[in-house]
Amino acid sequence: MMSVASTESECNGFGDHDDVFTGKDTELAGEYRDTSSEYRASTPPETGRVGGYSASPLRQKCVKLHNFASGTQSVDALHHNATTCEAPCSDRRCRGSILAPSNRTGSLPRPTTEVLKQATEFIEQYYVHINRANTDAHATRLAEVTACIETTGTYRLTEAELSYGAKLAWRNAPRCIGRIQWSKLQLFDARNVRNTRGMLEAVCKHLLYATNKGNIRSAITVFPPRTDGQHDYRVWNTTLIKYAGYEQEDGTIIGDPASVEFTKICLKLGWRGPGGRFDILPLILQANGEDPEWFDIPEECAMEVKLSHPEFDWFAEFGLRWYAVPAVSNMMLDVGGLEFTACPFNGWYMSTEIGARNLCDTYRYNLMETTATKMGLDTTSNMTLWKDKALVETNLAVLHSFQKAQVTITDHHSASESFITHMRNEQATRGGCPADWVWIVPPMSGSVCPVFHQEMLYYSLKPSYEYQEPAWKTHLWRNRPVDSGQVTSKKTFKEVAEAVRFVARLMIRALSKRFKATILYATETGRSKNYAERIHRMFSTAFNAKLLCMDEYDVANLEHEALLLVVASTFGNGDPPDNGLSFARYIMEKAKEEQRKMDSIVRRNSEIDCESTSEHLSCEKFCDQPVRIAPRKILRMNSVTSMDEPTYMLSNVRYAVFGLGSSAYPNFCAFGHAVDELLETLGAERLLEIGEGDELGGQEIAFKKWAQETFKVACENFCIGSDVNIDNVTASISMPDAAWSAEKYRVIAADYQANPPDLCRTLSRLHGKAVLPCRFKSRTDLLNSLSRRSTILVKLDTQDQEEFAYEPGDHVAIYPANDKDLVDRILRRIAHEKSPDVVVKVDRHEAKITELGTVRTWVPHDRLPHCSIRYALLHLLDITSTPSPMFLKTLSMHARSPLEQKQLSTLGELLEEHSEQRTTDKGSAVYDEWLYSSFPNLAEILEAFPTLRVPASLLLTLLPLLRPRYYSISSSPQMHPGDVHITVAVVQYKSKASGAIHRGVCSTWLDALSADDIVPAFIRKAPSFHMPKDQSAPMVLVGPGTGIAPFRSFWQQRQYDRYQEAIDQSDADKDGRFGDVTLVFGCRHSKLDNIYKEEKMTAKEEGVLTDVWTAYSREVHLPKTYVQDLLRKNSQKVYETVCGGKGHVYVCGDVTMAAGVRVTIETIIAKHGEMSEEKAKKLIERLKDENRYHEDIFGITLRTAEATEKLRELKQRTEKNDKTAAEELASLRMGYFLRRETVIRHRTVSENPETSVNGSNLNNNGRERKLSDPPPYRSRPLHTY
Ligand SMILES: Cc1cc2nc3c(=O)[nH]c(=O)nc-3n(C[C@H](O)[C@H](O)[C@H](O)COP(=O)(O)OP(=O)(O)OC[C@H]3O[C@@H](n4cnc5c(N)ncnc54)[C@H](O)[C@@H]3O)c2cc1C
Ligand SMILES: NC(=O)c1ccc[n+]([C@@H]2O[C@H](COP(=O)([O-])OP(=O)(O)OC[C@H]3O[C@@H](n4cnc5c(N)ncnc54)[C@H](OP(=O)(O)O)[C@@H]3O)[C@@H](O)[C@H]2O)c1
Ligand SMILES: Cc1cc2nc3c(=O)[nH]c(=O)nc-3n(C[C@H](O)[C@H](O)[C@H](O)COP(=O)(O)O)c2cc1C
């Protein structure tokens, strides 16, 4: 037999399998001259000590396996890791064709020492797989498992370990031809099930999921493992679905002869079979060692296909049928020393299993002769090959019928080809592939299938699926059934009837809840978290949903997810939020690995097959149809899936992404898109196109639409059907605002009159950050007193708290307080009898289900601490952002005038459940317009609707939290120990519609603090914006306006470093110790806002700054100049710095400016480097990856009004089908609009340089202000503390 004809040679490892596989015999003979050091080469990641078995000792025998069709050879070294359990063959005899091996497991529990040994090996294998071998996590887990086994004799695998173990057991199964799909196995963890009803539920769910309306999916359900051997869980059926075989008195059999013995058991247990040829047998389930119980399988769980032939009409008259899901249910999963005695699993059919074996084997349905006769064949002589002909037609009928019914099936040729591909993959990734040739070669057309010509090596690896004695042979009956056929199982007839009814109802919701859904979010300011919470609520109505922030999520679980929903915003300039960074890096890294793996498979396949000498296999076939590589573009699986599709790391995961962003940014929703694409590259199945929530408009509608659609598609995909109440579901994403009612909350005096709570501790709890107090030290005005704007240098005293350790480039986050006047205006409109200064608490009315029934009680609503309403509005809640439509809708209920009610609810219209599309859109547009024109804050809204009286509880429960603001630190920690300096532009702008002045919360607050006031803060590390480690690396620092902030910390640090080393300028220049530093600054006017002018001059004189280039944008009589113009003007130097080897570019400030600078530098590189702009762009991306191009983005700070107005106009035109606008909007979202920045820039600059508040050219009277006018809103004298 070919599988044992292989030759052995010595080797000392695995070698380069790519080469080995493609090498011809002669080359190999040379290469394989045993001890060659080439074979001590790299060990593939999963092979080093697979399963914890010792790495192959030097000079271990490697087995060469020939493929006679292609003329290639491979070398199997994986068998060194084979378990010591008995292989079917020994030196004296080959038992390769014996069906049931003698090493079936009995029911004795495994000795503890063996459990420990296998557990240790498996845990190691798992940690190798997740790249965490020999880490603290590995050691901790091992210690935990060891302690547990030593005290209890057993332990519990985590769900991820179990899922990995089940997949690996499939990968290790030598007899399975369909293993290319091994990583695509859905685990249903049923280890908490304790009785047969629970088992039934789990099996039904499994079948529903696996069937998937014909689009079959591989799955396994795992019940509790063996304990003492007397409390086993077993599924008595050999396969979950099988046809009964009734033995007649004359010895003939109706139905499937293979089921005769089992059918008798079913009958004995009280099942009444109808007596037909295709009666589906009941499930016989045994829980916890109890006597088994039987259950009919509900019709919807057992899909069947009626068989017909594409040409022979008479074939359908045979009345043949077969079930769609082949689910083996009598084997044991042996993983990590634990024995899972009940673990039904399924893949999908290969046609010969039905057509050749089940229907044509003479001891099964035995249809061959009947078919041949109908075909008119001469059955009297073998020489007519009537058997072969009948066999082919029967198989054809099976394939035809399954395909017609859109039920997944594969033919034996495709299965064989994919198995060869699988062997190659395995050879490359782990040095071998155990395979039982006898089983792998299909039951018909042997030598025309490629597997026939492939030598194979049969050995056992752990984890594995093992044969077990039939349950009825080992079960110790409590109540043995008698032969008379009466019901003797534990159940009475009434119970049986009830059980059947129960099954018929199927309790879909209970079942579906077992499907896991993981919701991950990444957020910077909390919005994505809020959306993710709503998604979580929605999916919890039908799934077992779990909500996690990306940075809390253990990425090792990713490949074991079934449904993954991601809600993520974008920060910086197209970057992930901080808490999405580690997840982003992980999937990026994995995607690269996956891409490499797929590339090598494609390369190997095409090389091998083009070099092949086989006469049987066509080269063209592989070359024309290379293995598909990511990214794939399927949205949903096709109904009939090819087994040839390689499996990817996340093949088993379905996902959908909702990205949050602002279309005012050039890289709109970039992180959401990146996650969406990377998950696809990793092979996950995208359920729905990415949803985009644009902060500038329509975000709520986009979210709701995406959420509802995703929910619908997910339910379809997981076969959660009609039972889900879509009304409840829709309501669930609207909560809590939409379901808010005054009766549900009360605000009462707190039991004790606590002092105001500790602010920093409260903020730490609310925001999940370690917020600590700094003290305000001083403030210095940086702009000329003639300027009507204000930019200040604020110095904070960190009181030497070590948590405030920072490096130049880091940020400080500051929690401001709201404006007292605004708070007073709100307090005047609150419906609350008590003083706003009384300490209060909020309670929620909740229904609790107790043993006495449903009891309604007040439970503490612990969102905020006990504090006064004034305190909450001052320090904890956001009262300046325009409230969301949902909030307005809730507010509308508290207006006494019907007109005001209507106006407010129109603004919140998009929340109307089931509203017509038109109504919804209208509501949204009204809100967006209102938002754009007024940016109204809460006080303004309350005043605009005079009949509104707001319950205090509404504000305390629904207003968003006041979020911290980030500032780039402007000091060096060594130059100013214990201090944090920041450079703050005090924000002020005028509402377009009302003319009201709006002041930025934090900047205004900082501008009014007194010495020693507490400033709650924490440090936010920005490792990607630190100075280069190599001090000789040249730097270009680009930061117009307040973008200069971090660079002050840079030059101070450099000054400190130079002072420290007492190096004077000439020394520095001489030894090139410190690289050139070029500062590119921009401001409006040389006399008014050239901030840190003196400091910069000093730094230049000291040689710390090599060059300072300043662009003036509003200098009278000079052309408007931006930093980009200066970069272009000095392009040669910029090019040399950027591309001269180790140079760094730092850009800080407004996103539009940063994107403009990036485009400018791309153009410079393209010009001086003589390359295309596309190439230059890639080069910058590479520099970013290498941490040599750094961006620190404040957001949209420059020309906020202009940026938003432009977008709004484009959107409106696009809605009116203006194609040009649509194109501009699209390219703008792609980031290209920045090239058109000159349009904005080349406005005339004859205007007064300081006349505009954020570019809107107005003063407090709405007229232009002359330079000589006093600053209109500067309320404090210019001073420095
Ligand atoms: C990483 C990072 C670093 C930063 N570093 C600095 C720094 O060093 N120095 C600095 O000054 N700032 C910096 N910022 C910005 C800073 O965090 C604050 O956003 C800024 O100080 C405004 O906060 P505020 O509370 O005063 O204003 P807010 O109350 O937050 O109001 C600002 C908001 O008002 C709106 N707005 C502003 N102008 C207009 C307009 N014309 N029309 C309509 N709406 C408008 C916008 O929605 C804007 O977001 C940084 C931001 C980030 C993310
Ligand atoms: N209200 C206040 O008291 C006050 C005080 C300071 C800052 N602010 C506001 O805070 C924000 C940031 O202020 P800031 O001091 O950092 O900056 P800024 O002074 O507004 O701008 C700095 C320089 O950058 C220029 N610029 C504008 N758009 C640019 C682009 N796309 N690319 C390159 N350069 C560009 C500006 O030119 P032009 O503006 O001439 O185009 C100016 O010369 C601004 O919105 C500003 O109005 C307000
Ligand atoms: C400093 C800063 C940078 C941003 N950068 C981007 C960006 O590059 N692309 C984008 O689409 N949105 C960007 N945004 C907008 C945010 O993604 C948007 O405000 C989002 O709603 C925030 O969601 P979160 O609260 O979940 O973080 C940025 C916002 C800020 C404040």
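Reader: Which residue has a polar backbone atom 2.9 Å from a nitrogen atom of ligand 3?

Author: A polar contact is a pair of N or O atoms within 3.5 Å. In this predicted model, the residue is Asn 667, with a polar backbone atom 2.9 Å from a nitrogen atom of the ligand. Oxygen atoms of ligand 3 have such partners too: a polar side-chain atom of Ser 528 lies 2.5 Å from one oxygen atom, and a polar backbone atom of Gly 574 is 2.8 Å from an oxygen atom.

Reader: How much of the area of ligand 3 does the protein bury?

Author: The ligand taken alone exposes 640 Å², and 93% of that is buried by the protein.

Reader: How many residues surround ligand 3, and which are the closest?

Author: A residue counts here if one of its heavy atoms lies within 4 Å of the ligand. There are 24 around ligand 3, the closest being Thr 523, Thr 525, Ser 528, Thr 570 and Glu 695. By type, the shell holds 14 polar, seven nonpolar and three charged residues.

Reader: Which elements each supply at least two residues of that shell around ligand 3?

Author: They are helix H16 (527-540), strand S23 (654-661) and strand S44. The most comes from S44, with three residues.

Reader: Now to ligand 1. Which residues around ligand 1 are the closest?

Author: Tyr 966, Tyr 967, Thr 983, Cys 1002 and Ser 1003 are the closest of the 24 residues that surround ligand 1. The shell divides into 13 nonpolar, seven polar and four charged residues.

Reader: What lies 2.6 Å from a polar backbone atom of Tyr 966?

Author: An oxygen atom of ligand 1 does. A backbone N or O atom of Cys 1002 is 2.7 Å from an oxygen atom of the ligand, and for a polar backbone atom of Ala 985 the distance to a ligand oxygen is 2.9 Å. Of the 960 Å² that ligand 1 exposes when taken alone, the protein buries 82%.

Reader: Which elements give two or more residues to the shell around ligand 1?

Author: Three are strands, S35 (965-968), S36 (979-985) and S44 (1189-1195), and two are helices, H30 (1001-1006) and H38 (1200-1215). The largest share, four residues, is from S35. Strand S44 thus appears in the list for ligand 1 as well as in the list for ligand 3.

Reader: Leaving the ligands, where does UniProt place the feature "binding site"?

Author: The unreviewed UniProt entry puts that feature at Cys 176. This residue sits in the loop that runs between helix H5 (159-171) and strand S4 (186-189). Apart from neighbours within four places in sequence, Cys 176 is in contact with Trp 170, Phe 419 and Ile 440.

Reader: Why does Cys 176 count as partly exposed?

Author: Buried means under 20% relative accessible area and exposed means over 50%, with partly exposed in between. Cys 176 counts as partly exposed because its relative accessibility is 22%.

Reader: And is Ser 764 buried or exposed?

Author: Ser 764 counts as buried, because its relative accessibility is 18%. Its place is in helix H22, residues 759-767.

Reader: What does Ser 764 touch, not counting residues up to four places away in sequence?

Author: Contact means heavy atoms within 4.5 Å. On that basis Ser 764 touches Lys 769, Ala 770 and Val 771. With Val 771 there is also a polar pair: a polar side-chain atom of Ser 764 lies 3.0 Å from the backbone nitrogen of Val 771.

Technical notes. Residues are numbered from 1 along each chain as its sequence is written. Chains are lettered from A and ligands numbered from 1 in the order in which they are written. This is a predicted model: local features need pLDDT of at least 70, side-chain atom pairs count only at pLDDT 80 or more; totals for chains, interfaces and linings use all residues. Side-chain values use heavy atoms; hydrogens and water are left out. UniProt positions are given in the numbering used here, feature names are shortened, and annotations may be inferred rather than shown by experiment. Buried means under 20% relative accessible area, exposed over 50%, partly exposed in between (1.4 Å probe, protein chains only). A polar contact is a pair of N or O atoms within 3.5 Å; within protein, one must be able to donate a hydrogen and the other to accept it, and residues adjacent in sequence count only if both atoms are side-chain atoms. Accessible areas come from the Shrake-Rupley method with a 1.4 Å probe; for residues, only the protein chains shown count as cover. Ala, Val, Leu, Ile, Met, Phe, Trp, Tyr, Cys and Pro count as nonpolar, Asp, Glu, Lys and Arg as charged, and the others, Gly among them, as polar.
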